[in-house]
Amino acid sequence: MHPPTPPTSTPPTARVVADRHGRALRNLRISVTDRCNLRCGYCMPEEEYVWLPKSRVLTFEEIERLVSAFTEIGVDRVRLTGGEPLLRRDLHKLVARLARHPRLREVALTTNALLLTEQAPELRAAGLSRITVSLDSLDPNRFHDMTRRNELGRALAGVEAASRAGFAPIKINTVLMAGVNDKELDALLDFARSGGHELRFIEYMDVGGATRWSPDVVVDRDEILARVAARHGTPRPLAGRGSAPADRYTLPDGTVFGVIASTTAPFCGACDRARLTADGHFYACLYAKKGFDLATALREGATDAELLEVLRGNWRARSDRGAEERLGLADRTPLAGRAELADDPRLEMHTRGG
Ligand code: SAM
Ligand code: SF4
Ligand code: SF4
């Protein structure tokens, strides 16, 4: 089976809405579940979590309806995330629905790859545009230490399966942590190069859920570039980043890699993205403490026009620059403590979607 041919015509234009800083909304990250089959220390370090009630989780029909409304105010790319999105039953059916939407240019996925071996072919056939895999270690023991699960083999098999299914290049996201996996910088670069993937190093962020965050563990962009340069030659910056979060570089041998410097050099000025939790709450910033409950409006029978008005109003009122504000803090500590997270699980990165 082949993936549907992407539309060649330009999608119908939406009435793009600007926020208070003149930023348009283009990119919607949709968390399809708050559950996960790993326990990464920078994201889910605790033993216990408060989960969203299953009855509150949006159905595919509800997600599609909300996405449709979002496209009316400018969204033309969506990314499915979580939690671990591949845990959501029949995810490929949601992908197929969204891939058919005339205003969407791209339906992407961020995953830990554990279930890609089973699902990559059907996701490809459904029209998924791109896959980003989060992978922080190539060493089985360290992988276990970092994720509390002994699953490196399944993750690597998943990346291979996605390649075989035709996804290329696969982006590999690595959160580099000092004294944890930073020794693997070269090994990860080599792994990505040899597989034809594009590696992006992410600075460890003090987001909701990262209750063990401390500035000492962040490996910042300058250090990453210096370490890469020491072994591979000076990285040359690539132009044309636009609103993408990664700064991209090429090495003398042609390898392309990226750095997402959200912690030390945030890019809020160009931010065109928002998030939808699995239970239908809209957040205009990764760091926002308050969201807007779209699910209740939807379930109480809001018309398309009413939904659109709510979205438009929310985006127009947006002035968030969360990461830049955090950069200005004298004493930077995690965004939220355990009690606050238990009280409001939508503050969690795994609920909000990374
Ligand atoms: N489970 C999927 C995965 O890991 O790819 C999707 C959800 S996960 C929350 C999305 C991304 O957020 C992953 O690339 C992960 O590395 C990143 N992430 C989570 N917590 C982070 C933190 N404290 N700092 C930086 N990145 C983080
Ligand atoms: Fe790790 Fe993603 Fe699961 Fe968070 S949601 S624990 S980053 S696999
Ligand atoms: Fe956008 Fe908020 Fe991230 Fe800044 S911190 S780039 S405003 S989501």
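**Notebook: backbone exceptions and ligand shells**

I began with D90, which counts as partly exposed because its relative accessibility is 33%, between the limits of 20% for buried and 50% for exposed. The model I am reading is predicted.

**Entry 1, D90.** I looked up the backbone of D90 and found phi near 60°, a positive value in a residue other than glycine. I then placed D90 in the loop between β2 (77-81) and α2 (91-99). I recorded the value since most residues other than glycine have a negative phi.

**Entry 2, R148.** I found a positive phi of about 60° at R148 as well, although R148 is not a glycine. This residue lies in the loop that links α4 (140-147) and α5. I read a relative accessible area of 28% for R148, so I list R148 as partly exposed.

**Entry 3, P169.** I checked omega for the peptide bond from A168 to P169; the bond is cis, with omega near -15°. I entered this bond as an exception, as most peptide bonds are trans. I located P169 in the loop between α5 (152-164) and β5.

**Entry 4, ligand 1.** I turned next to the surroundings of ligand 1. I count 20 residues around ligand 1, and the closest are Y42, G83, T110, S134 and M205. By class, I sorted this shell into nine nonpolar, nine polar and two charged residues.

I then looked up the polar contacts of ligand 1. For G83, I read 2.9 Å between a polar backbone atom and a nitrogen atom of the ligand. For E84, an N or O atom in the side chain is 3.2 Å from a nitrogen atom of ligand 1. For T111, I noted a backbone N or O atom at 3.3 Å from an oxygen atom of ligand 1.

How much of the accessible area of ligand 1 does the protein cover? I find that 95% of the 540 Å² that ligand 1 has on its own is covered by the protein. I also asked which elements give two or more residues to the shell around ligand 1. These elements are β3 (106-111), β5 (171-176) and β6 (198-203).

**Entry 5, ligand 3.** I looked up the shell of ligand 3 last. Here 13 residues surround the ligand, and I list C268, C271, C285, L286 and A323 as the closest. By class, I sorted the shell around ligand 3 into seven nonpolar, one polar and five charged residues.

Technical notes: Residues are numbered from 1 along each chain as its sequence is written. Chains are lettered from A and ligands numbered from 1 in the order in which they are written. This is a predicted model: local features need pLDDT of at least 70, side-chain atom pairs count only at pLDDT 80 or more; totals for chains, interfaces and linings use all residues. Side-chain values use heavy atoms; hydrogens and water are left out. A residue is near a molecule or strand if one of its heavy atoms lies within 4 Å of it. A polar contact is a pair of N or O atoms within 3.5 Å; within protein, one must be able to donate a hydrogen and the other to accept it, and residues adjacent in sequence count only if both atoms are side-chain atoms. Accessible areas come from the Shrake-Rupley method with a 1.4 Å probe; for residues, only the protein chains shown count as cover. Helices (H or I, at least four residues) and strands (E, at least two) are DSSP runs, numbered from the N terminus. Ala, Val, Leu, Ile, Met, Phe, Trp, Tyr, Cys and Pro count as nonpolar, Asp, Glu, Lys and Arg as charged, and the others, Gly among them, as polar. Buried means under 20% relative accessible area, exposed over 50%, partly exposed in between (1.4 Å probe, protein chains only).
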